[in-house]
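Got your viewer ready? Here is a walk through the model, one selection at a time.

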Amino acid sequence: MTEKITSAQNPKIKQLLALQEKSRLRRETGLFIVEGRRELQHCIEAGFQIDTIFFCEELGGSGAESAAAGFAATAAKIFEISGEVYRKVAYREGTEGVVAEVRAKERKLEDLKLKEEPLIVVLESVEKPGNLGAVLRSADAAGADAVIVCDPLTDLFNPNLIRASIGAVFTVPCVACSSEEAIRWLKANDVQILTAQLQDSEWYYDTDMKRGSAIVIGTEATGLTQAWRDAADAHVKIPMLGAMDSLNASVSAAILLFEAVRQRNGGRRDDIV
């Protein structure tokens, strides 16, 4: 019989809330939080191990219990929680009544399996989880091979990131490392480095992206560091026809990713899908 938790003061619920809020605790315990059936399914398919599942039949309907039962084969523990408790732990509106604690696993550059002429996104010093989540969604949509996060200011298991990516953090291989490590790895794998910057740049649509390419994007405030500018095989820019001189990092990534998709399909839309 599944144990039911009805108090937010329960130690298991306190840990769940703390894992949502504290990156240090996520590192110390090796656990992070995933909410939603679709996200959990992507998580499992990516080879992550579910530690504990919490479901709320009151808010998620009978489907919440069924979903929890379906995931239970990969989970060590499963608990039912009341609607009041679930409202405290749910991270978003329109919840599906399922949330889980998942065991983290470290992913390294050498773990990435690249196809011929890979397409990679590199983000330097990304700070906002929402931006990284949006980039991951675009990378998934464009069929990118990986997203490399250099010198990150947010951890890859931040609940905001997982929510913003709608699970793409699991469908696209995502690795955190230093800029120096990434540059060495890209050079060693013969992947051209294309830095998005205004200075000394050519229009992105005039740049050959058919060969293996890493699209490198910096922060909106300071752009890329000199190390990336020096390592670049080409500098690319996006036309800015208004008063602003830059786009949101996730928007820039989407534009450049789908230019690569267009070029690799000979500019024919009917061959993309």
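Which residues does aspartate 245 touch, not counting residues up to four places away in sequence? Select aspartate 245 and look around: the contacts are Leu198 and Met240. You're in the loop between strand S12 (234-237) and H12 here. Now draw a C-alpha to C-alpha distance from aspartate 245 to leucine 198; you should get 8.5 Å, for two residues that sit 47 apart in sequence. Aspartate 245 counts as exposed, because its relative accessibility is 53% and the cut-off for exposed is over 50%. One thing to keep in mind as you go on: this is a predicted model.

**Zoom out**

Show the whole protein chain as a cartoon. There are 12 helices and 12 strands to find. Along the principal axes, the C-alpha atoms fill a box of roughly 65 × 40 × 40 Å. A compact globule with 273 residues would have a radius of gyration near 19 Å, and the protein chain has 21 Å, so the two agree. Switch on a surface and you're looking at about 13,200 Å² of exposed area, with carbon and sulfur atoms supplying 48% of it. Buried residues make up 48% of the 273 residues. If you like contact maps, take the contacts with a separation of 6 or more: residues 24 or more positions apart account for 79% of them.

**The parallel sheet**

Next, color the strands. Seven of them make an open, parallel sheet, and you can trace the order S8-S7-S6-S11-S9-S12-S10. At the edges you'll meet S8 and strand S10 (202-203), each pairing on one side only. For a look inside the sheet, pick strand S9 (residues 192-196) and strand S11 (residues 213-217): they run parallel, joined by 4 bridges. To land on one of those bridges, select threonine 195, whose partner in S11 is valine 216.

From the edge strand S8, step into the loop that leads to helix H10 (179-188) and stop at serine 178. Is serine 178 buried or exposed? Buried, since its relative accessible area is 19% and the cut-off is under 20%. Leaving aside neighbours within four places in sequence, serine 178 is in contact with Cys150 and Asp151.

**Helix H7 and its surroundings**

Select residues 129-141, which is helix H7. Put a distance between its end C-alpha atoms: 18 Å, which agrees with the span expected for 13 residues at 1.5 Å a residue. Show side chains for the buried residues of H7, which are Pro129, Asn131, Leu132, Gly133, Val135, Leu136, Ser138 and Ala139. What covers them? Among the elements that do are strand S6 (119-124), strand S7 (146-150), helix H8 (159-165) and H12.

Now check some backbone angles around here. Most residues other than glycine have a negative phi. In the loop between S6 and H7 you'll find serine 125, with a positive phi near 55°. Serine 125 is partly exposed, at a relative accessible area of 22%. Just after H7 comes glycine 143, where phi is positive too, about 70°. Then hop to isoleucine 166, in the loop between H8 and H9. Isoleucine 166 is not a glycine, yet its phi is positive at about 50°; its relative accessible area is 23%, so it counts as partly exposed.

**Into the core**

Hide the cartoon and show the largest nonpolar core, a set of 46 residues. Which members touch the most others? Phe32, Val102, Leu132, Leu136 and Val147. Helix H12 (residues 249-264) gives the most to this core, with 6 residues. Apart from it lies another core, of 21 residues, including Leu112, Cys150, Ala182 and Ala232. Nonpolar side chains tend to be buried together in soluble globular proteins.

Center on valine 102 and expand the selection by contact. Skipping residues up to four places away in sequence, you'll pick up Phe32, Leu40, Phe48 and Ile50, among others.

**Last stop: an antiparallel pair**

Valine 102 is a handy way into strand S5 (residues 98-103), which runs antiparallel to S3, with 6 bridges joining the two. Strand S3 (residues 49-55) is mostly covered, with 6 of its 7 residues buried. Finish on glutamine 49 and find its bridge partner in S5, arginine 103.

Definitions and conventions:
Residues are numbered from 1 along each chain as its sequence is written. This is a predicted model: local features need pLDDT of at least 70, side-chain atom pairs count only at pLDDT 80 or more; totals for chains, interfaces and linings use all residues. Side-chain values use heavy atoms; hydrogens and water are left out. A nonpolar core is a set of buried Ala, Val, Leu, Ile, Met, Phe, Trp, Tyr and Cys residues joined through side-chain atoms within 4.5 Å. Buried means under 20% relative accessible area, exposed over 50%, partly exposed in between (1.4 Å probe, protein chains only). Contact means heavy atoms within 4.5 Å. The expected span of a helix is 1.5 Å times one less than its number of residues. Two strands pair if DSSP finds at least two bridges between them. The radius of gyration is taken over C-alpha atoms; the globule rule is 2.2 Å times the number of residues to the power 0.38. Accessible areas come from the Shrake-Rupley method with a 1.4 Å probe; for residues, only the protein chains shown count as cover.
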